Amino acid sequence: MVLCPVIGKLQHKRVVLASASPRRQEILSNAGLRFEVVPSRFKEKLHKASFATPYAYAVETAKQKALEVAGRMHQKDLRAPDVVIGADTIVAVGAMILEKPVDKQDAYRMLSRLNGKEHSVFTGVAIVHCCSKDGRLDTEVSEFYEETTVKFSELSEELLWEYINSGEPMDKAGGYGIQALGGMLVEYVHGDFLNVVGFPLNHFCKELARLYYPPRPADLRRVRHDSIPAVDTFENLSDSEAGGADPGQSAKGGRGGEQADGDRSQAPRALDAALNGADSRPRFPTGLLELMDGFKASKRGATLCPKSREVGLECWPRGRLWDPAALLAGQQVDGGPQDTSCLQGRPGLPMADHADQAGVCWGSWSKCHPPPPKVLFTACKLKLFDVLKDQGPLQAVDVARKLSTCAGRTEQLLDVCAALGLLEKTRRGYSNTEVATLHLVSDGEHSLQGVAEYNDAHVWGVFTRLGLAVREGAEQTRGALGAMEEERLSQSRELTLQFMRAKHSLSKLTAHHVATAFDLSRFASACDLGGCTGILARELAQEYPRLQVTVFDLPEVTELSGGFQCGGRQTERIRFVSGDFFKDSLPEADLYVLSRMLQDWPDDKLHKLLSRISSSCKPGGGLLVAEAAAEEEGASQSPRLRTLSAGQPRSPDEHRRLLQRHGFQDVRVARAGDLLCVVLGTRAAP
Ligand SMILES: Cc1cn([C@H]2C[C@H](O)[C@@H](COP(=O)(O)OP(=O)(O)OP(=O)(O)O)O2)c(=O)[nH]c1=O
């Protein structure tokens, strides 16, 4: 039972119920929660017509009730409570919202509307976590609603008036109290009874459990590959992205003036850290990155598949990518020819599934399933996860309205996202899973939207166009991609920014692992070559208090890096220097750092770069290299963490040999964060 540990977590907190409702007080105290009652003074006068649904109105009212109490208490005591709970119950008949009747006639009107019919009772709940920062109130709001269906019997006028005259309807939404005399009016109830009485206790406990015990990515449920809905293609949906409505605008629409802090993504980590004093860095989203990156495996795979190449089909290596949930859980699935069922028997589809000699089975995903990465990119581009963060759970039709997209296609997109483990689908609609909340919402601290955006806008195209290079092998691919990368960087400011955003968000996840893989305290200065926005430099400066760090990158990158800085004391020890590490002299440093750089370059460039570093590095100085880890010694097959990189990961031995070849000795290799291979070599005397 989730309740006990959750209540335990709240035990030492100052909890306030922002409600005068005696029913809410009773429900919560019966559940063992200890709290103070401070009724809200928020006037329930929000403009109902401006809400897309009745429950959106209830949720917003609940939130405003709680925020009013939090603000007032903070102003009065200069100390806010830890948690404020607000709730609002409404009765909805279709789109019409009924609140508490103002007088007997009003109660009669309401009860007459409900007479003999089904209606919905919605309770919106807001859980506001408060803290004071520099005397200012800081809040994190988590919100949800519950719906219960109630059916009234056919009631006579006489009975209605008798009930009204009892006085019971006056302080209750819809003009009745199901828990007392009003129970006699009710034929049936579907859903949570306590929700009708004013507080959905069960959902509240689940929400607390979600906040205090967020599921780990590995806990994401596994789905069978055939649960991914079959669709022809998502092109139509993509068309609407490009067309008329700006999805970003739609996503924000309808809730004008709302505090963006109604932010479910922030709450779990902040709470977790606050409660457990734990490191709030999220686990590495391996599966998600593999999903974002998966299409590269497909394109490389084409080299192994002569038949598919002949018929010009896009190939997807079965076994790796047909089980998206396994991917999200960071697992790889072995497949055999018997697993081709998802590809077979779909009438009219030009299938080319077959097993080649290497035992790899191929099929045309483009005709029977949408490619999972493209689904993810499309959802990000449409700001689907932002909409669900702010307003979820939502039904497909509501999502389509908010995104200005086609309802049918939107439902397909939502279903595929649910099958991929990015969304949760329940009776109440679709909502973000934990991994989506953490990494796919655009303004989240650990958002990987930048990676999705960049992969979609640029890398996908590169891989799609580079069939020739892919067929001709990894070296050529690296060369072609490296050249395109150079060309791209010089091309447009927007692309550069896109690239920087992607690299910035990835570096946020890896920088700590890179900085701490070895003890670097013997170095007084470091130079991060291609250090982009300085995330790793910042981590190094934070970890080693006497280290001076130089970030060296192309002028167009350093020029834009200012927009990514967030201050802090360690920035005094960081400087940005513009230059091209293939042409210009490298800044002096005891330690040179190349983080996720080497994979990008063809061998000639790679050796040129390493030999330039070797010449600049003083004897005793170091070279720290961080790359995606190959899965096992000698098996450079892992697609992990190659996002933004073109080449294949090297094995520890390959790394060792590479550094030794350029005059580095005592080369040590460490696996960091399960996904990175970090290598440290010491420059030998020439
Ligand atoms: C439908 C129904 C509502 N109600 C009550 C629950 C709520 O208290 C009330 C709806 O009004 P609310 O505005 O939700 O709550 P409230 O005014 O009582 O308290 P506060 O605003 O301070 O939080 O109706 C019942 O008790 N029984 C019922 O069957």
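Hi everyone. Let me start with a term: by a polar contact I mean a pair of N or O atoms within 3.5 Å. Keep that in mind as we look at the ligand, and please remember that this is a predicted model.

So, which part of Thr 89 faces an oxygen atom of the ligand? For Thr 89 it is a polar backbone atom, and the distance is 2.7 Å. Two side chains make polar contacts as well. Ser 21 places a polar side-chain atom 3.0 Å from a ligand oxygen, and in Asp 88 an N or O atom of the side chain sits 3.3 Å from an oxygen atom of the ligand. How much of the ligand does the protein bury? On its own the ligand exposes 590 Å², and 95% of that is buried by the protein.

Let's widen the view to the whole shell. There are 21 residues around the ligand, and the ones that come nearest are Ser 19, Arg 24, Lys 65, Lys 100 and Ile 178. Sorted by class, the shell holds eight charged, seven nonpolar and six polar residues. Three elements each supply at least two residues: helix 2 (22-30), strand 3 (83-93) and helix 6 (193-197). Strand 3 contributes the most, with three.

Now, on to two helix pairs. In general, a packed pair is described by the angle between the axes and the distance between them.

My first pair is helix 16, residues 384-391, with helix 17, residues 396-403; the angle is about 115 degrees and the axes are 11 Å apart. Their crossing is right-handed. On the helix 16 side we have Leu 384, Val 387, Leu 388 and Gln 391, and these meet Val 399, Lys 402 and Leu 403 of helix 17. That contact has five nonpolar residues, one polar and one charged.

The other pair is helix 23, residues 493-516, and helix 24, residues 535-543, packed at about 30 degrees with axes 8 Å apart. This crossing is right-handed too. Among the helix 23 residues in the contact are His 504, Lys 508 and Ala 511, while helix 24 brings residues including Ile 535, Leu 540 and Glu 543. By class, this contact has six nonpolar, four polar and three charged residues.

That's my tour. Thanks for listening!

Definitions and conventions. Residues numbered from 1 in each chain as written. Predicted model: local features only at pLDDT ≥ 70, side-chain atom pairs only at ≥ 80, totals over all residues. Heavy atoms only, no water. Axes fitted to C-alpha atoms, helices over the stretch in contact; angles between N-to-C directions. Helix = DSSP H or I, 4+ residues; strand = E, 2+ residues; numbered from the N terminus. Left-handed = near helix turned anticlockwise from the far one by under 90°. Contact = heavy atoms within 4.5 Å. Nonpolar A, V, L, I, M, F, W, Y, C, P; charged D, E, K, R; others polar. Near = heavy atom within 4 Å. Polar contact = N/O pair within 3.5 Å; in protein donor to acceptor, adjacent residues only side chain to side chain. Areas by Shrake-Rupley, 256 points an atom, 1.4 Å probe, with all protein chains shown as cover.
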